[in-house]
Amino acid sequence: MNAVEDNTHSANAELERLGYEPELKRSMSLADVVIYGLIYMVPIAPIAVFGIVYNFSSGAVALVYIVAAIAMVFSALSYREMALSFPIAGSVYSYVRYGINQFIGFLSGWAILLDYLLLPALLAVFAASAMTSLVPSLPAWIWIVVFVVITAAINLRGITFTAAMNKIFLVIQLLVLAVFVGWALVAVVQGKGHFSLDPLFHAETFSWSLVFGAIPIAALSFIGFDAISTLNEEAKGGGKTVSKATMIVLWMVTALFVIQVYAAAIFVPAGTVFADGDDTNNAFYNLTGQVMAHWFQVVVTLTSALIALFANIVASNATSSRLVFSMARDRQLPKILAKVDSKTKAPANAMIFITVLSLVIGIFGVENPALLTSLVTFGALTAYILLHVSVLVHFGARTKSRKVFVHWVSPILGAAVLI
């Protein structure tokens, strides 16, 4: 028995010790879990908010993402520690349930449900908005139906098929990002821009208040690594694999985020303030058109609006269904939602429930994405705070851990940052 098989056996044994049968298909390798996490977090996420973060930070956009990553490390450490102790599919719901008590776990479950249940619908709304700008003859609700139904069909094929699709989506995003960075280097050689420390530090405009003011916007790009913990029961090696993947994904997306915003910022003249509206929202896209080529601007726009969003909807649907499955298994939701398909080993009823909910919310919420965004963010941050509390209670108060940093200092700092 190799190390992975040994860890998988241990994870199944731990699952049974906690009172659960291993029902889901444990087929995802460390690479699969990392890819899943990258897809959920969207490697090109900063593109959409580049102009906003640039304005807020007076150009120190790369520094903002570095500081935001440091702030999110505390949450990642808490997820890692709880994944090792409780290798269950319910993510923060399960961690708080076992770390504190069943009632607080129930509250955290509903808090994260605001994120997990509404996010697929919100992403479908964003994707539909992008398509209506390209094909205005078709109403947004038709695109919402198309996106939600296709992503449901992919997820119902099982986690192995979903993982295969994730690889394709990730390759496309990374390829476009690599072309952008490579083209940016060529543009610097051609004299269209120059390497500078301004995206990291510009003495004349630097202010920590400006940097910290932009961090909440940048931090939204980091929200999502928690989704990795919903794969505890499908990852080979269980919690050990998930804990490794959590930290790997955080550092990988940090590198990707910083590289792409730096490569864009060096072409923005010092002192630039993007005008409100389209100039700010489309700052990154317009920059690629001006510095590189119009056709590449279209490619970047479509990759961000369609490939990245569609891939995120697929991952989000998968994540949401695992949380619903876990809560239903504990009788916190109707038991019928805990049914697992005998062939695909996927939580089929939970997926169908998420699909129907996404259709209804997406169709009726297509005109109000701001409200959906607020609810998603509030749910995620509230659940993260409760996660940190569960680490303090379980490791600090209950087991009297002597790991001072990860079990005491880190969760306190993490909760303080989120609050």
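A residue is called buried here when its relative accessible area is under 20%. In this predicted model, that description applies to D32, V33, V34, I35, Y36, G37, L38, I39, Y40 and M41 of helix α2. The briefing below covers that helix, the salt bridges, the enclosed and open spaces, and three individual residues.

**Helix α2**

- Helix α2 comprises residues 30-41, and its 12 residues should span 16 Å at 1.5 Å a residue; the end C-alpha atoms lie 17 Å apart, which agrees.
- The helix is mostly covered, with 10 of its 12 residues buried.
- Among the buried positions are the aspartate D32 and the glycine G37, together with V33, V34 and I35.
- V42 comes just after α2 and adopts a positive phi of about 65 degrees.

**Salt bridges**

- The model contains 5 salt bridges, of which three are described here.
- D330 pairs with R97, and the closest N and O atoms of this salt bridge are 3.9 Å apart. The pair links distant parts of the chain, since D330 sits in the loop between α13 (294-329) and α14 (348-365) while R97 belongs to helix α5 (residues 92-99), 233 residues away. Both partners, D330 and R97, are buried.
- R329 forms a salt bridge with E233, with 2.7 Å between the closest N and O atoms. R329 is part of helix α13 and E233 is in the loop between α9 (208-219) and α10 (239-265), so this salt bridge ties together parts 96 residues apart in sequence. R329 and E233 are both buried.
- E234 and R322 meet through their side chains in a salt bridge, at 2.7 Å from N to O. E234 lies in the loop between α9 and α10, whereas R322 lies in helix α13, so the pair ties together parts that are 88 residues apart in sequence. Burial applies to E234 and likewise to R322.

**Cavity**

- There is 1 cavity of 30 Å³ or more in the structure.
- The largest cavity holds about 40 Å³ of space, and its lining consists of A152, N155, N317, M351, I354 and T355.
- Helices α7 (140-156) and α14 are the elements that each give two or more residues to this lining. The largest share, 3 residues, is contributed by α14.
- By class, the lining of the largest cavity has 3 nonpolar and 3 polar residues, with no charged residue.

**Second largest pocket**

- The second largest pocket encloses about 290 Å³ of space. It is lined by 20 residues, and those closest to its centre are Y54, V268, P269, A270 and G271.
- The lining of the second largest pocket divides into 10 nonpolar, 9 polar and 1 charged residues.

**Residues with positive phi in loops**

- S58 has a phi near 55 degrees, a positive value in a residue other than glycine. S58 is located in the loop between α3 (46-56) and α4 (61-85). Its relative accessibility is 32%, and S58 therefore counts as partly exposed, as this class covers values between the 20% and 50% limits.
- K345 likewise is not a glycine, yet its phi is positive at about 60 degrees. K345 occupies the loop between α13 and α14. With a relative accessible area of 35%, K345 is partly exposed.

**P369 and its surroundings**

- P369 is found in helix α15, which covers residues 369-398.
- P369 is partly exposed, because its relative accessible area is 28%.
- Apart from neighbours within four places in sequence, P369 is in contact with L122, V125 and F126.
- T254 is 115 residues from P369 along the chain, and the C-alpha atoms of the two are separated by 26 Å.

Conventions
Residues are numbered from 1 along each chain as its sequence is written. This is a predicted model: local features need pLDDT of at least 70, side-chain atom pairs count only at pLDDT 80 or more; totals for chains, interfaces and linings use all residues. Side-chain values use heavy atoms; hydrogens and water are left out. A salt bridge is a side-chain nitrogen of Lys or Arg within 4 Å of a carboxyl oxygen of Asp or Glu. Helices (H or I, at least four residues) and strands (E, at least two) are DSSP runs, numbered from the N terminus. Buried means under 20% relative accessible area, exposed over 50%, partly exposed in between (1.4 Å probe, protein chains only). The expected span of a helix is 1.5 Å times one less than its number of residues. On a 1 Å grid over the protein atoms alone, a cavity is a set of points where a 1.4 Å probe fits but cannot get out, and a pocket is an open set with protein on both sides within 12 Å along at least five of seven lines; lining residues have an atom within 4 Å of a point. Grid points are joined across faces, edges and corners, and a volume is the space filled by probe spheres set on the points. Ala, Val, Leu, Ile, Met, Phe, Trp, Tyr, Cys and Pro count as nonpolar, Asp, Glu, Lys and Arg as charged, and the others, Gly among them, as polar. Contact means heavy atoms within 4.5 Å.
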